[in-house]
Amino acid sequence: MDRRQLLQGFALSLAAGMVTGSPVLAAGDNWKEDFTRALKQKPWLLGYKGVDQNFKKTNLKIDGKLPENLKGIFYRNGPARHEVGDLRYRHWFDGDGMIHAFNFDGESVTHHGRFVDTIKTEKETEAGRALFQTFGTAGSSLTSGCSADEVNVANISVIKHNGELLALWEGGSAYRLDGETLETLGLKTWTEETAGLPFSAHPRVDQDGTLWNFGYAPIFGALIVYRISPTGQLIDRALVQKPATPMVHDFLITENHLILILPPYHFDNASEGAFVDRFNWSPEKGGRALIIDKNNLAAQHEIELPPFWVFHFANAFEDSSGDICFDAPIYQTPDVMTSSFREIMRGNEVGSDSAQLMKCRLNPLTGNFDMTEIEEAVASEFPRIDQRMQGRRHRFTAVMRGQEGAAYKGINQLMSIDHQQQTTESYTFPATEMAEEHVFVPDPDSIEEGKGWLMGTSLDYKRGKSALNLFDAQRVSDGPVARMEMDYAIPLGLHGNFYSS
Ligand SMILES: [Fe+2]
């Protein structure tokens with residue numbers, strides 16, 4: 001089999017992998033009713049209720065003072081339609097993706113939100129019911145579709161590369177969007193050869209503007225790595241054969257390497273059930289770090305790691321000794337995904353493992369690995385850095401923090417960690433607010449790392465209103481310098497990015 005056939009087989013196998021004979025949709029249960037009942041008792045569930053309509057462009061009231069030089073658009077993505085016809089999805093990650101745009105023109109801020117018009121939503125809207133299996137929902141009434149992109153929900157993140165706005169999932173292609181109207185323009189095809197292959201939701205932009213990414217295709221037993229030029233051309237790609245493919249959500253770049261952390265959470269081809277249920281957590285097998293030479297993607301080697309689960313990394317860099325250093329919120333197990341994010345969809349609160357922000361050090365030659373806790377950053381998620389430091393030693397990491405063991409119910413604190421001074425700054429949101437990822441927005445008038453703002457959304461579930469918050473990145477403890485409240489609630493989402501105009 002040559003590389004071309006391999007890649008074509010890779011694409012077709014993705015959809016086949018979602019075929020299942022074991023229904024997650026058990027007869028007699030009704031998650032929609034369960035959720036509606038629970039919402040009356042637990043108003044914080046509002047963030048997981050979902051919506052079915054786009055949000056028209058609205059001017060937001062500004063409380064505080066906006067920096068005059070802050071101009072651009074903050075895009076966010078996340079699962080937003082949690083019910084299709086009579087079906088309420090069984091996992092938070094299942095819902096159809098909605099893109100939000102917060103437009104800063106120097107004086108005013110507007111918000112609008114629009115569903116990605118995917119192949120899936122088009123077919124399901126026409127049918128008036130759910131047709132397709134998703135990440136966490138399967139059943140005899142649902143089909144796996146003919147390709148990964150037929151079930152692509154485009155709901156994890158949103159980036160702009162070479163002027164093109166892309167909504168990202170991780171099982172299939174990116175979707176192209178109009179940056180102003182958010183209208184869906186179609187699937188992104190980098191090359192004919194890679195059409196339809198998985199393109200993950202956490203690409204990394206290198207110092208020279210190169211976009212690096214990867215995708216994992218468990219059925220085919222392989223990962224793919226992408227190198228995309230600053231002008232949007234796919235200039236290299238590599239395949240990594242992994243017969244028992246691990247779930248990999250994010251990765252790292254340094255000056256010389258790409259690093260994929262492979263948790264002992266492997267896809268079992270013989271298993272049945274929803275996609276997420278077909279992975280087995282096997283800590284006894286240990287984890288691996290796959291290290292790839294950026295200048296020769298075929299040069300790959302692996303290092304053994306202790307078993308842990310991770311969704312997101314802040315950043316990695318190489319120090320003078322050649323060690324690869326990175327920081328990430330580390331979980332003992334993937335239970336938060338397999339249990340909490342499922343049960344929350346029927347209104348059940350399930351405590352699970354929370355992530356501890358760790359500093360990790362890995363030597364690519366000796367295989368030595370160690371990690372130490374950043375003590376203050378217990379129960380952390382959504383790490384972000386000043387993107388200008390991507391792949392280089394960074395001084396600041398921002399994380400969202402919550403109550404330990406409370407999954408995403410309790411994210412209510414923004415913390416900025418200064419690794420150089422070994423200090424932290426934090427802001428705790430009001431008691432009835434759930435906060436989401438906050439991204440670093442550089443001050444356009446400064447090249448100094450950390451000069452700028454932290455920007456993110458929150459939901460006041462008691463009042464049913466979402467807000468966009470803006471912090472001075474170096475004075476987080478002072479609270480937001482500006483807050484833009486909406487007259488409505490938007491669903492809790494996942495990731496976003498700000499692009500200056
Ligand atoms: Fe993510």
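Does Asp-478 count as buried or exposed, and at what relative accessibility? The close-ups below take up this residue and several other sites in a predicted model.

**Figure 1. Asp-478 in its loop between two strands.** Here we look at the loop that runs between strand 32 (465-472) and strand 33 (482-485), where Asp-478 sits. To settle the opening question, Asp-478 has a relative accessibility of 52%, and because exposed means over 50%, this residue counts as exposed. Its side chain is not without a partner: a polar contact of 2.7 Å links the side chains of Asp-478 and Arg-475. If you would like a sense of scale, pick Ile-119 as a second point. Between Asp-478 and Ile-119 there are 45 Å from C-alpha to C-alpha, and the two are 359 residues apart in sequence.

**Figure 2. The five-stranded open sheet with strand order 2-33-32-31-30.** The two strands that flank the loop of Asp-478, strand 32 and strand 33, return here as members of an open sheet of five strands with antiparallel pairing. Strand 2 (61-64) and strand 30 are its edge strands, and each of them pairs on one side only. From one strand to the next, the twist averages 20 degrees. Inside the sheet, strand 31 (residues 452-460) pairs with strand 32 in the antiparallel sense, over eight bridges. To find your place along this pair, look for Leu-459, which stands opposite Ser-466 in strand 32.

**Figure 3. Glu-437 and its surroundings in strand 30.** Strand 30 covers residues 433-442, with Glu-437 among them. Buried means under 20% relative accessible area, so Glu-437, at 2%, counts as buried. Two polar partners of this side chain are worth picking out. One is Arg-384, whose side chain joins that of Glu-437 in a polar contact of 3.3 Å. The other is Gly-496, whose backbone nitrogen lies 2.9 Å from a polar atom of the Glu-437 side chain. Leaving aside residues up to four places away in sequence, Glu-437 also touches other residues, including Arg-76, Phe-382, Met-400, Met-455, Thr-457, Leu-494 and His-495.

**Figure 4. The largest pocket and its lining.** How many residues line the largest pocket, and which of them lie nearest its centre? The lining holds 40 residues, and those nearest the centre are Val-205, Arg-384, Gln-387, Asn-497 and Tyr-499. Arg-384 is thus a familiar name, being the side-chain partner of Glu-437 in the 3.3 Å polar contact. The volume of the largest pocket is about 890 Å³. Two or more lining residues come from each of strand 8 (157-161), strand 12 (204-205), strand 26 (380-384), strand 30 and strand 34 (496-500).

**Figure 5. The four-stranded open sheet with strand order 22-23-24-25.** This open sheet has antiparallel pairing. Its edges are strand 22 (315-318) and strand 25 (369-373); each has a single partner strand, so one side of each is left without a neighbour in the sheet. The average twist from one strand to the next is 25 degrees. Strand 24 (residues 356-362) pairs with strand 23 (residues 324-330) over seven bridges in the antiparallel sense, and with strand 25 over five bridges, again antiparallel. Met-358 is a handy landmark: it is the bridge partner of Ala-328 and stands opposite Glu-373 in strand 25. Cys-325, for its part, stands opposite Arg-361 in strand 24. Strand 24 has five of its seven residues buried, so this strand is largely enclosed by the rest of the structure. Six residues lie between the strands in the hairpin of strand 24 and strand 25, where Gly-367 takes a positive phi near 85 degrees.

**Figure 6. The hairpin of strand 20 and strand 21.** Strand 20 (residues 287-293) and strand 21 (residues 296-305) run antiparallel and are joined by seven bridges. The hairpin connects them through two residues. Ile-291 has His-301 in strand 21 as its bridge partner.

**Figure 7. The buried residues of helix 4 and part of their cover.** Helix 4 spans residues 335-343, and its buried residues include Val-336, Met-337, Ser-340 and Phe-341, along with Arg-342 and Glu-343. What covers the buried residues includes helix 2 (31-41) and strand 18 (265-267).

How values were computed. Residues numbered from 1 in each chain as written. Predicted model: local features only at pLDDT ≥ 70, side-chain atom pairs only at ≥ 80, totals over all residues. Heavy atoms only, no water. Buried < 20%, exposed > 50% of the residue type's maximum accessible area, 1.4 Å probe, protein only. Polar contact = N/O pair within 3.5 Å; in protein donor to acceptor, adjacent residues only side chain to side chain. Contact = heavy atoms within 4.5 Å. Pairing = 2+ DSSP bridges. Axes fitted to C-alpha atoms, helices over the stretch in contact; angles between N-to-C directions. 1 Å grid on protein atoms, 1.4 Å probe; cavity = no way out; pocket = protein on both sides within 12 Å on 5 of 7 lines; lining within 4 Å. Points joined across faces, edges and corners; volume = space filled by probe spheres on them.
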